[in-house]
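Me: Please take a close look at one part of this structure and explain how that part relates to the rest. I am new to this structure, so a connected account would be welcome.

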Amino acid sequence: YAYGWNDTTRPWAGGTALTHSGSNVQWYSVIWPAPNRDFAVVVVCNIAAPSGSDPGATATDQTAARMIGEFL
């Protein structure tokens, strides 16, 4: 973890995947770069919540997972 980025291992990424997500309380975004596959997914939505259950986080995670499944 550094500067808000996490690195992890994912099979779909061919090894290392990076991830970062965040909100400004109006928008929520997530990014998943996979350097070994020369691939990245970026999802942004215009709904977020200051704390607790965040529908923006759920929506962006589900959309990113679907895009990864479809394009890789």
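Reply: Helices (H or I, at least four residues) and strands (E, at least two) are DSSP runs, numbered from the N terminus. Helix H1, in which Pro55 is found, is the part chosen here. The model is a predicted one, in which local features need pLDDT of at least 70 and side-chain atom pairs count only at pLDDT 80 or more, while totals for chains, interfaces and linings use all residues. Residues are numbered from 1 along each chain as its sequence is written, and side-chain values use heavy atoms, with hydrogens and water left out.

The setting comes first. One helix and four strands form the secondary structure of the protein chain, and from the N terminus their order is β-β-β-β-α. Helix H1 spans residues 55–71.

Consider Pro55. Its relative accessible area of 39% makes Pro55 partly exposed (buried means under 20%, exposed over 50%, partly exposed in between, with a 1.4 Å probe and protein chains only). Leaving aside neighbours within four places in sequence, Pro55 is in contact (heavy atoms within 4.5 Å) with Ile47 and Ala49. Between the C-alpha atoms of Pro55 and Cys45, residues that lie 10 apart along the chain, the separation is 9.7 Å.

Further along helix H1 is Thr60. Thr60 counts as buried because its relative accessible area is 0%. Not counting residues up to four places away in sequence, Thr60 touches Tyr28, Val30, Val43, Val44 and Cys45. Of these partners, Val44 has its place in strand E4, which covers residues 39–45.

Ile68 offers another view of the packing. With neighbours within four places in sequence set aside, Ile68 contacts Trp12, Phe39 and Val41. Ile68 also belongs to the largest nonpolar core, a set of 11 residues in all: Trp12, Ala13, Ala17, Val30, Trp32, Ala34, Phe39, Val41, Val43, Ala64 and Ile68. Such a core joins buried Ala, Val, Leu, Ile, Met, Phe, Trp, Tyr and Cys residues through side-chain atoms within 4.5 Å. Two or more residues of this core come from each of strand E3 (28–34), strand E4 and helix H1.

The loops that border these strands also deserve attention. Val25 lies in the loop between strand E2 (15–23) and strand E3. Although Val25 is not a glycine, its phi is positive, at about 75 degrees. Val25 counts as partly exposed because its relative accessibility is 47%. Asp38 is found in the loop between E3 and E4, and this residue, too, has a positive phi, near 50 degrees, without being a glycine. With a relative accessibility of 76%, Asp38 counts as exposed.

Finally, the chain as a whole. Of its 72 residues, 31% count as buried. Among contacts with a separation of 6 or more, 23% link residues 24 or more positions apart. Taken along the principal axes, the C-alpha atoms fill a box of roughly 35 × 30 × 15 Å. The radius of gyration is 12 Å, which agrees with the value near 11 Å that a compact globule of 72 residues would have; this radius is taken over C-alpha atoms, and the globule rule is 2.2 Å times the number of residues to the power 0.38.
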